[in-house]
Amino acid sequence: NMDGLEWQRSKYTRITRKFLGYAEKLAVKFGDYHIADSTVVQSFLKEKYQMRCDYIGYGADVLMNEDESLLKEYDVRKYEYFILMARMEPENNIETILEGFSNSSSGKKFLVIGNTDNKLGRHLVTRFKADKRIRFTGAIFNNAQKIHTLKKFSRLYFHGHSVGGTNPSLLEAMASRALIAAHANPFNEAILNENAFYFSTSEHVTRLVEGVSRGEKENRMIDSNLQRIQNDFTWPEIIRQYETYFLHCIGVEKAATLRRQATDPVAMVVK
């Protein structure tokens, strides 16, 4: 599985990124079968290496166990707050999102869910500490219901990831029936299509924060994303695709072995 073009991640040093690019070339050269979890990665690999790469996506569980009472812990009300959930990494565009929100006239809160105990996290906490609307809550572990509830009842869920294949947290937000604002890039657009709002600058974020509503159009976007999960990204469907692919690989190897035996005099004698 070729993952998500790791050498593009700005969190890595130049030397590390160079190594990851080299590792990608080794995987292409020595792998017998290749899978991409994103159609964008699949197209990139085919174009760059003139190779065959099959596509199998990622999966997400649809949850229906939201509990509005869990919002009390964060002092927010249903559809009256914005949220992002992410690792504090440059390519997740968290600073762009928070800058856009901070420049807005919104009176709603913004919950930042994630561990801030790294260089970027500490910088973000310091930069936006004067904005009392922005709350850094820390990470949430082993509580799927709480995570699902926070996404489901947010006014707008911001997904700033800009590098990689099909991002699991994006599929999970779709499965949680969140209204999504995603960073404008081919990876996100290939999954969401027209069923999300998009941003690339802090100014775009400001306009979204001040202008987003929860009407029929937004409900259709949420329903379409949920249907996409149920049709294409459930774990049973992903497992079925992998099983089919593994059986295909075994069949190809068996056929190749038979061909070698048929043309190898030594193998024929042994047989």
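# A stop-by-stop tour of the chain

Select Asp-75 to begin: this residue sits in the loop between strands β2 and β3 (81–85). Here helices (H or I, at least four residues) and strands (E, at least two) are DSSP runs, numbered from the N terminus. The model is predicted, so local features need pLDDT of at least 70 and side-chain atom pairs count only at pLDDT 80 or more, while totals for chains, interfaces and linings use all residues. Residues are numbered from 1 along each chain as its sequence is written, and side-chain values use heavy atoms, with hydrogens and water left out.

Asp-75 is not a glycine, yet its phi is positive, near 55 degrees. Most residues other than glycine have a negative phi. With a relative accessible area of 54%, Asp-75 is exposed (over 50%; buried is under 20%, partly exposed in between, with a 1.4 Å probe and protein chains only).

Go next to Gln-50, in the loop between α2 (39–49) and β2 (54–55). Gln-50 also has a positive phi, about 50 degrees, without being a glycine. Its relative accessibility is 65%, so Gln-50 counts as exposed.

Now zoom out to the whole protein chain. There are 11 helices and 8 strands in the chain. Its C-alpha atoms fill a box of roughly 80 × 40 × 30 Å along the principal axes. Of the 271 residues, 44% are buried.

Return to the loop between β2 and β3 and select Glu-73, together with Lys-146 in helix α5. Their side chains form a salt bridge, N to O 2.8 Å (a side-chain nitrogen of Lys or Arg within 4 Å of a carboxyl oxygen of Asp or Glu). This pair links distant parts of the chain, 73 residues apart. Glu-73 is exposed at 51% relative accessible area, whereas Lys-146 is buried at 13%.

Next, show Glu-99 and Arg-127, a salt bridge whose closest N and O atoms are 3.4 Å apart. Glu-99 belongs to helix α3 (residues 94–102) and Arg-127 to helix α4 (residues 119–127), so the bridge links parts of the chain 28 residues apart. Glu-99 is partly exposed at 26%, and so is Arg-127 at 40%. Add Glu-95 to the selection: Glu-95, Glu-99 and Arg-127 are linked in a network of salt bridges.

Then pick Arg-122 and Asp-117, which make a salt bridge with the closest N and O atoms 3.1 Å apart. Arg-122 is partly exposed at 45% relative accessibility; Asp-117 is exposed at 60%. In total, 13 salt bridges are counted in this model.

For the last stop, select Met-85, Asn-167, Pro-168, Ser-169 and Glu-172. Among the 36 residues lining the largest pocket, these lie nearest its centre. A pocket is an open set of points on a 1 Å grid over the protein atoms alone, with protein on both sides within 12 Å along at least five of seven lines; lining residues have an atom within 4 Å of a point. The largest pocket holds about 800 Å³ of space (points are joined across faces, edges and corners, and the volume is that filled by probe spheres set on them). Colour helices α5 (144–152) and α6 (168–175): each supplies at least two residues of the pocket lining.

Methods: On a 1 Å grid over the protein atoms alone, a cavity is a set of points where a 1.4 Å probe fits but cannot get out, and a pocket is an open set with protein on both sides within 12 Å along at least five of seven lines; lining residues have an atom within 4 Å of a point.
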